[in-house]
Amino acid sequence: MIYEKFIKILYVDLETKKIKIGKRPDLCEYLGGVGVATKLLEENLRPELDPYDENQPIVFAIGAASTVFPVITKTVAMFRSPLTGELGESYAGGRLALTLFLAGYDAVVIRGKAEHPSYLTITRNNVEIKDARALWGMTSDEAGRVIREREPGGGKRSIIRIGPAGENLVRYASVCVDTYRHFGRLGLGGVMGSKNLKAITVVGDRNLPVNNFKEYFKIYQEIYKKVTDTEIMSKYHDVGTPINVEPLNAAGALPTKNLRQSVFEYGDNISGESFVKKNLVRKMACTGCPVGCIHIGQFRREFDKGHDYEAVSVGYDFELIFALGSFLGVKTSDEILMLIETVEELGLDAMSTGVVLGWATEAFMKKIITENETIVPLAFGKTDNYIKAIEYIAERKNEFYSALANGADFASDKYGGKDYAMTLGKNEISGYHTGYGAIIGAAVGARHSHLCNGGYSFDQSMKEFDKDNLVNAIFAEEKERCLLNSLVICLFARKVYDRKTIQAVLGSIGQTYSDDELTAIAERIYKAKIRIKKSLGFNQMDVKLPKRFFETQSASGLLDEKTAYELMLMYNNKVQEMMTKP
Amino acid sequence: MIIYIELSEWFKRYTDENTRFEIELKPGITALQAIISIGIPETEIGLITVGDTKVAHDHILAHGDKIRVYPIIIGG
Amino acid sequence: MLVCSGVNHKNHSISKSAIRVKTSGGLQGKFISIVCIACKDGRACAEVCPSGALVNRAGGGVLLKADNCIGCRKCESACIMSAAHFDELENQPIICKHCGVCARFCPHECLMMEDVPNDL
């Protein structure tokens with residue numbers, strides 16, 4: 001906790017409605033954020049029980065410097081993922097970090113299952129579990145509106161909530177944070193749903209004098225300048241991550257139509273510039289960030305006969321343009337925004353939803369499933385049927401859609417087509433078919449995300465492919481991000497927060513760490529994650545790499561399956577070696 | 001030799017809104033050097049294609065080559 | 001808001017900020033900033049202050065003389081812009097002193113300072 005030598009934890013039991021405050025000096029060696037959350041998950045997890053068992057915990061955590069420095073904006077959530085069955089780790093921006101910080105908590109641990117649908121309110125001096133029965137079944141938008149009206153604290157409040165998908169335990173259900181932000185991946189929405197927890201609101205307004213203003217503000221200004229002066233930040237603000245569509249498509253790295261292709265003939269239609277020209281209406285930021293990378297696109301929809309039109313605004317980013325765009329052969333920016341809105345309202349992870357539907361479309365094409373299963377015919381580019389399919393997934397409409405709701409890995413186990421069910425470690429893939437880095441990065445990443453270690457970026461930065469260099473680079477970055485995610489920095493600012501800057505930031509709030517100590521912390525956290533994964537039955541060499549990766553050209557040419565498995569083995573050896581060191 | 005360069009829209013901020021260039025360069029110059037010569041910072045240069053084929057940054061150019069330049073891939 | 005409370009109150013809490021930025025209503029409302037507009041012709045807050053804690057500031061607006069403040073909150077209701085808000089802990093209002101630090105740290109130039117003549 002800032003200016004203190006302990007980590008302050010709020011424990012909430014939804015069943016007994018009792019809370020407990022913990023002050024843990026011993027957790028300071030995990031710094032905060034993902035470090036503290038990993039340790040708390042390790043302590044509270046029940047590996048022998050199902051992810052949806054009421055005894056499983058949800059852990060939220062922030063860091064000591066959260067929001068009082070630029071772009072240190074995120075909150076981490078850790079849990080047992082219902083999608084992968086193992087480590088669940090998810091990040092969200094919005095206002096959650098600031099409100100937890102000013103409510104006075106470094107971490108929140110939620111256990112148990114509420115007797116009936118409830119929502120949790122956390123303020124500086126009260127914690128309550130309230131009746132949410134009337135909200136059960138509502139979209140995240142509607143539920144948010146009701147809570148906003150009902151609860152005090154506007155302006156210093158964060159509201160996170162699940163949609164119908166989470167209530168129906170869809171394994172990649174997401175949690176909507178404030179507006180346009182999410183805990184997207186790995187199914188936190190389902191875990192909240194399994195606890196009858198519709199929403200959590202946090203109000204933060206405690207008094208918190210600055211300890212060493214001169215030092216603090218000096219560092220603040222330096223970082224602010226770096227953040228606002230660099231080109232990288234202007235990219236995130238101007239066009240945003242959708243700037244990636246054009247170069248990835250040109251390089252032959254844009255997963256298209258279930259990765260049957262890596263170039264999309266309609267790529268220009270859905271490029272970042274296209275969205276800017278046709279749909280962009282607003283940009284927003286998370287609390288504490290001067291960049292403002294949230295891009296809001298608008299489309300018009302006729303919702304009733306008689307020219308009844310409405311303007312619908314949704315946040316869009318590169319990963320969504322890939323998953324609900326090129327991956328499904330969807331050709332226009334408007335249609336992508338429509339799909340994003342559907343996914344948003346129901347509370348689903350956009351990436352997993354798109355990739356799951358990609359598998360389903362190809363399976364339908366190959367006739368291993370028929371309209372008996374899909375109800376509506378699925379075809380690449382047919383947006384209106386995709387919208388229906390997404391609704392069916394969220395409600396688990398029939399046996400087939402219930403299987404889809406469990407993920408592409410599960411569905412392909414049941415119906416076939418494993419070779420083109422694009423998952424790594426049971427988590428659906430991200431939008432980079434750049435080379436070995438992209439595949440291995442997500443296969444070995446602790447949470448199987450492209451953000452674990454940014455493997456895909458090494459395909460771009462490494463001039464020549466070298467197995468040892470790639471494996472070492474991924475390993476080093478995976479550990480380093482354990483440190484960044486303990487503070488909890490938004491990874492868009494990872495280049496600004498080098499070791500020197502991190503030391504300066506922590507130093508100005510009274511926490512001095514040497515470079516070696518920071519390295520030790522990073523490794524300590526990574527080891528804890530590996531221990532958890534092991535206890536949940538994860539074995540790196542069990543991970544299968546879908547054959548489709550090696551059938552479709554990547555930006556680095558056609559990839560070799562044997563080489564990929566070899567890289568994974570090399571990485572695993574490095575991890576095992578790390579685990580045996582004291 | 002004459003080289004044609006076409007830039008992604010994003011690079012307009014460095015070139016006074018121009019995206020198409022026809023420039024005269026000495027033979028032996030690399031793709032990267034050609035692009036830098038019109039004012040693009042090296043750190044911003046991502047994929048380079050010559051006549052729709054991807055090339056390395058140190059690819060030696062020939063007379064009449066049509067270069068396309070894309071920004072680097074950012075994360076997230 | 002973070003730099004205002006930091007610089008002017010040496011505090012991390014946004015509740016101490018003199019400028020408050022929020023949406024004008026609901027999810028998709030425009031952002032608005034509620035801040036002192038430096039009244040010149042009649043400073044309503046200073047007029048209702050019974051103890052002389054708000055004195056005219058050159059150029060517009062007021063300055064807070066904290067020692068004279070009794071915490072009656074009359075200035076809060078008098079301000080037509082709702083810009084004076086009360087700090088319960090310190091028992092005094094939070095008054096914008098037009099220092100310009102908020103504008104300096106607005107990354108997209110939404111906030112601006114302007115030079116005004118001395119009206120006193």
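Domain bounds, as used here, come from an automatic or database domain assignment. In this predicted model, that assignment divides chain A into domain 1, made of residues 1-229 together with 479-543, and domain 2, which covers 239-424. The centres of domain 1 and domain 2 of chain A, taken over C-alpha atoms, are separated by 27 Å.

Where the two domains of chain A meet, 37 residues of domain 1 are in contact with 28 residues of domain 2. On the domain 1 side, the elements that give two or more residues to this surface are helix 2 (96-103), helix 3 (140-150), helix 4 (164-167) and helix 6 (213-229) of chain A. By class, the residues on that side of domain 1 of chain A divide into 19 nonpolar, 13 polar and five charged.

The interior can be approached through the largest nonpolar core, which holds 233 residues, and in which A:Ala37, A:Val59, A:Ala107, A:Leu324, A:Ile340, A:Leu348 and A:Trp359 touch the most other members. Helix 12 of chain A, spanning residues 350-365, provides the largest share of this core, with eight residues. Because domain 1 (1-229 + 479-543) and domain 2 (239-424) of chain A both give residues to the core, it lies between them. In soluble globular proteins, nonpolar side chains tend to be buried together. The surroundings of one of these core residues can be followed in detail: leaving aside neighbours within four places in sequence, A:Val59 is in contact with A:Ala37, A:Leu40, A:Leu41, A:Ala77, A:Met78, A:Phe79, A:Ala107 and A:Val109. Two of the partners just named, A:Ala37 and A:Ala107, are also listed among the core residues that touch the most other members.

Turning to the second chain, 15 residues of chain B are in contact with 20 residues of chain A. Strand 3 (45-50) and strand 5 (66-71) of chain B each supply at least two residues of the side that touches chain A, and the largest share, three residues, comes from strand 3 of chain B. This side of chain B comprises seven nonpolar, five polar and three charged residues.

The two strands of chain B that have just been named are also partners, since strand 3 and strand 5 of chain B pair in the antiparallel sense over four bridges, and B:Ile45 has B:Pro71, in strand 5 of chain B, as its bridge partner. Strand 3 of chain B is further joined by three bridges to strand 4 (residues 53-55) of chain B, again running antiparallel, with B:Ile48 standing opposite B:Val55 in strand 4. Strand 3 and strand 4 of chain B form a hairpin with two residues between the strands, in which B:Gly51 takes a positive phi near 55°.

Notes: Residues are numbered from 1 along each chain as its sequence is written. Chains are lettered from A and ligands numbered from 1 in the order in which they are written. This is a predicted model: local features need pLDDT of at least 70, side-chain atom pairs count only at pLDDT 80 or more; totals for chains, interfaces and linings use all residues. Two residues are in contact if their C-beta atoms, placed from the backbone, lie within 7 Å. Ala, Val, Leu, Ile, Met, Phe, Trp, Tyr, Cys and Pro count as nonpolar, Asp, Glu, Lys and Arg as charged, and the others, Gly among them, as polar. Two strands pair if DSSP finds at least two bridges between them. A nonpolar core is a set of buried Ala, Val, Leu, Ile, Met, Phe, Trp, Tyr and Cys residues joined through C-beta atoms within 7 Å. A residue is buried if 20 or more other C-beta atoms lie within 10 Å of its own, exposed if 12 or fewer, and partly exposed in between; C-beta atoms are placed from the backbone.
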